[in-house]
Amino acid sequence: MAHTLAQLNAATPAEAQALLDGLYPHAPWVAAHAVQSRPFRSVADLRQRLRQAVDGASPDARLALVRAQAEMAQWPSGNAEQTLRLAQLKADYAARFGFPAVLALRGARGTPLDSSQLLDELSRRLDNPPDAEVEEALRHLHRNAELRLHDFFGEPALGNDIWDWQERLSTHSDPGYAEKGQLTVTYLTDAHRACAQRISHWMRECGFDEVAVDAVGNVVGRYRADRPGAPTLMTGSHYDTVRNGGKYDGRLGIFVPMACVRELHRQGRRLPFDLEVIGFAEEEGQRYRATFLGSGALIGDFKPEWLDQKDADGITMRDAMMHAGLCIDDIPKLRRDPARYLGFIEVHIEQGPVLYELGLPLGIVTSINGSVRYQAQIFGMACHAGTTPMDRRRDAAVAAAELALFVERRAARDADSVGTIGMLEVPSGSINVVPGECRFSLDLRAPSDPQRDSLVNDVLAELAAICQRRGLRYALEETMRAAAAPSDPVWQQRWERAVDALGVPVYRMPSGAGHDAMKLHEVMPQAMLFVRGQNAGISHNPRESTTSDDIQLAALAMQGLLDTLAIETTA
Ligand code: HGY
Ligand code: MN
Ligand code: MN
């Protein structure tokens, strides 16, 4: 097999096809089609051409491709029970779909999967509808081809290192979750402080000139320019997580630039601007209702009233900060002078299915949805579940349920709005008591502020109408309001050029999720790069995943952007 792209591009069509033989077993037509697109600009371009050869084929040809795959040979050996379960799953799979199971034999890091991982994957796939399973099998074929290309063009070393940082950082988790193997890192817990220490340590190892934990717990690394008085480019993301979250949300946006600095340092290179890489301490607002606290502090948007907020154990943020050794008086000093900054860029996993379904490793963010969040309570009357007739109740939970269905209908009406009741509880409820109170959250988002506000107004009007109709009271506390943040066109184009230079298709898309970039957006130009998520892009979930190959491409894209910016800045 070719060891260089040049050899592959210089070969005759027959030679080139022969060199690519085996990437898609029993389907030489895939390589034959792809080689017509030579010269390949990069390995990523080669991968996309192979994928496009399959995507462009007829449904029958695609199904035939899956059916042509032989029974997977090298299943890892498991114990007797696993072997039995595997045999049953393979039989069930073939009976349900009519073709043998195609699984990527190596995981997101390119390392072999063990029996239990493969069994879990196979049993999950059994639930797929047949048409969806053909697409999923094809994705695994593409992944196997990508893995085989490692053997010929080398491993994604940068991506592997970044993947490993994520893995090591995920060993720190809050009590009550760590014991269950779940990842939860909320603001200023011991696990959170350990993460700050690990990120600081790794930043120093990468060669940053300055590394410090600031007054709100952000980890700030600075890699100085080749000249004094140079402007600064800020990048980074958050290292806190949601409860039972994923390893990549936020953290990927810290480690990708860290790896870029490490490479610059190893090469003894400096840029004509300072690079400030920040691990923001608090974005998710889980322990305290203070979202974007870390990035907000840098734009002078730290709200002093947050200090008096109490967490579920009654600990105020002020006490948590003092306990962590943070100096509250220094918080106002964190405010950055935008005049000294070129802008803000952020790498983040997509946290959705778009790139996964399109088979693209990277996406260019065009705008970040605006959002509003509330904590709400509905008050009715607790009474006996057995003796109270249905028409004499003031049931707070049923009212909340009625609102939940309205939120779903109303958001769906806009097509690109979203509305979620993510938290819902009957405080001190009992099985035989009609709920006298119901507490719930509202998370309402849309690509533009007017669309978001129209959604919010309708939901709040409906809440009032439901309570009026049912004789209930309600209370609402707005806990977050973030404006929609369109990407700065110049910075968005910088990402586009960097992605295109890799031979990766440029795909523009909005962000349904909120990000630290929307805070920096308030004071400086910003733009984001998305990285494909595995497992249909699931996020805020332990199955959140991304491959070291895709991480590698994100790092190469950032390196490309930095190099181009360096030329622009000195021109
Ligand atoms: O909720 C969000 O959009 C982000 O993950 N904080
Ligand atoms: Mn998140
Ligand atoms: Mn995030």
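Biologist: In which loop is the place of Leu126?

Modeller: This is a predicted model, and every value given here is computed from it. Helix α7 covers residues 115-125 and helix α8 covers residues 130-153. The place of Leu126 is in the loop between α7 and α8.

Biologist: Is Leu126 buried or exposed?

Modeller: Setting aside residues up to four places away in sequence, Leu126 touches Leu89, Asp92, Tyr93, Arg96 and Phe97. Its relative accessibility is 16%. Buried means under 20%, so Leu126 counts as buried.

Biologist: What distance separates the C-alpha atoms of Leu126 and Ser367?

Modeller: Along the chain, Leu126 and Ser367 are 241 residues apart. In space, their C-alpha atoms are separated by 36 Å.

Biologist: Which residues is Arg47 in contact with, leaving aside its neighbours within four places in sequence?

Modeller: Arg47 is found in helix α4, residues 43-55. With a relative accessible area of 16%, Arg47 is buried. Beyond its sequence neighbours within four places, the contacts of Arg47 are Glu146, Leu149, Asp549 and Leu553.

Biologist: Which residue does a cis peptide bond join to Arg38?

Modeller: The residue lies in the loop between α3 (28-34) and α4. The omega angle of the cis bond is about 10°. The residue joined to Arg38 is Pro39.

Biologist: How many of the 9 residues of strand β5 are buried?

Modeller: Strand β5 covers residues 341-349. It is largely enclosed by the rest of the structure, because most of its residues fall in the buried class. The number of buried residues, out of 9, is 8.

Biologist: Which strand do 6 bridges join to β5?

Modeller: Strand β3, residues 232-238, runs parallel to β5 and is joined to it by 4 bridges; within that pairing, Leu233 has Gly343 as its bridge partner. The strand joined to β5 by 6 bridges also runs parallel to it. In that second pairing, Ile349 stands opposite Val531. The strand asked for, residues 526-531, is β16.

Biologist: With which side chain does the side chain of Ser237 make a polar contact?

Modeller: Ser237 is found in strand β3 and is buried, with a relative accessible area of 0%. Among the residues that Ser237 touches, beyond those up to four places away in sequence, are Gly250, Phe280, Val347, His348 and Asp516. The polar contact of the Ser237 side chain has a distance of 2.7 Å, and its partner is the side chain of Glu346.

Biologist: Is Arg473 buried or exposed?

Modeller: Arg473 lies in strand β13, residues 473-482. Leaving aside neighbours within four places in sequence, Arg473 is in contact with Gln377, Ile378, Phe379 and Cys467. Its relative accessibility is 55%. Exposed means over 50%, so Arg473 counts as exposed.

Biologist: How many Å apart in space are Arg473 and Ile349, C-alpha to C-alpha?

Modeller: In sequence, Arg473 and Ile349 are 124 residues apart. From C-alpha to C-alpha, the distance between them is 40 Å.

Biologist: How many residues of the shell around ligand 1 are charged?

Modeller: The residues around ligand 1 are Glu283, Glu284, Arg373, Arg445, Ala513, Gly514 and His540. They divide into 1 nonpolar and 2 polar residues, with the rest charged. The number of charged residues is 4.

Biologist: What percentage of the area that ligand 1 exposes when taken alone does the protein bury?

Modeller: A polar side-chain atom of Glu283 lies 2.9 Å from a nitrogen atom of ligand 1. Oxygen atoms of ligand 1 also have polar partners: one is 2.9 Å from an N or O atom in the side chain of Arg373, and a polar side-chain atom of Arg445 lies 2.6 Å from an oxygen atom of the ligand. Taken alone, ligand 1 exposes 220 Å², and the share of this that the protein buries is 94%.

Biologist: What is the phi of His540?

Modeller: His540 is one of the residues around ligand 1, and its place is in the loop between β16 and α19. With a relative accessible area of 42%, His540 is partly exposed. Although His540 is not a glycine, its phi is positive, at about 55°.

Biologist: What is the phi of Ala536?

Modeller: Ala536 has its place in the loop between β16 and α19 (548-570). Its relative accessible area is 36%, and Ala536 is partly exposed. Ala536 is not a glycine, yet its phi is positive, at about 60°.

Note on methods:
Residues are numbered from 1 along each chain as its sequence is written. Chains are lettered from A and ligands numbered from 1 in the order in which they are written. This is a predicted model: local features need pLDDT of at least 70, side-chain atom pairs count only at pLDDT 80 or more; totals for chains, interfaces and linings use all residues. Side-chain values use heavy atoms; hydrogens and water are left out. Buried means under 20% relative accessible area, exposed over 50%, partly exposed in between (1.4 Å probe, protein chains only). Helices (H or I, at least four residues) and strands (E, at least two) are DSSP runs, numbered from the N terminus. Two strands pair if DSSP finds at least two bridges between them. Contact means heavy atoms within 4.5 Å. A residue is near a molecule or strand if one of its heavy atoms lies within 4 Å of it. A polar contact is a pair of N or O atoms within 3.5 Å; within protein, one must be able to donate a hydrogen and the other to accept it, and residues adjacent in sequence count only if both atoms are side-chain atoms. Accessible areas come from the Shrake-Rupley method with a 1.4 Å probe; for residues, only the protein chains shown count as cover. Ala, Val, Leu, Ile, Met, Phe, Trp, Tyr, Cys and Pro count as nonpolar, Asp, Glu, Lys and Arg as charged, and the others, Gly among them, as polar.
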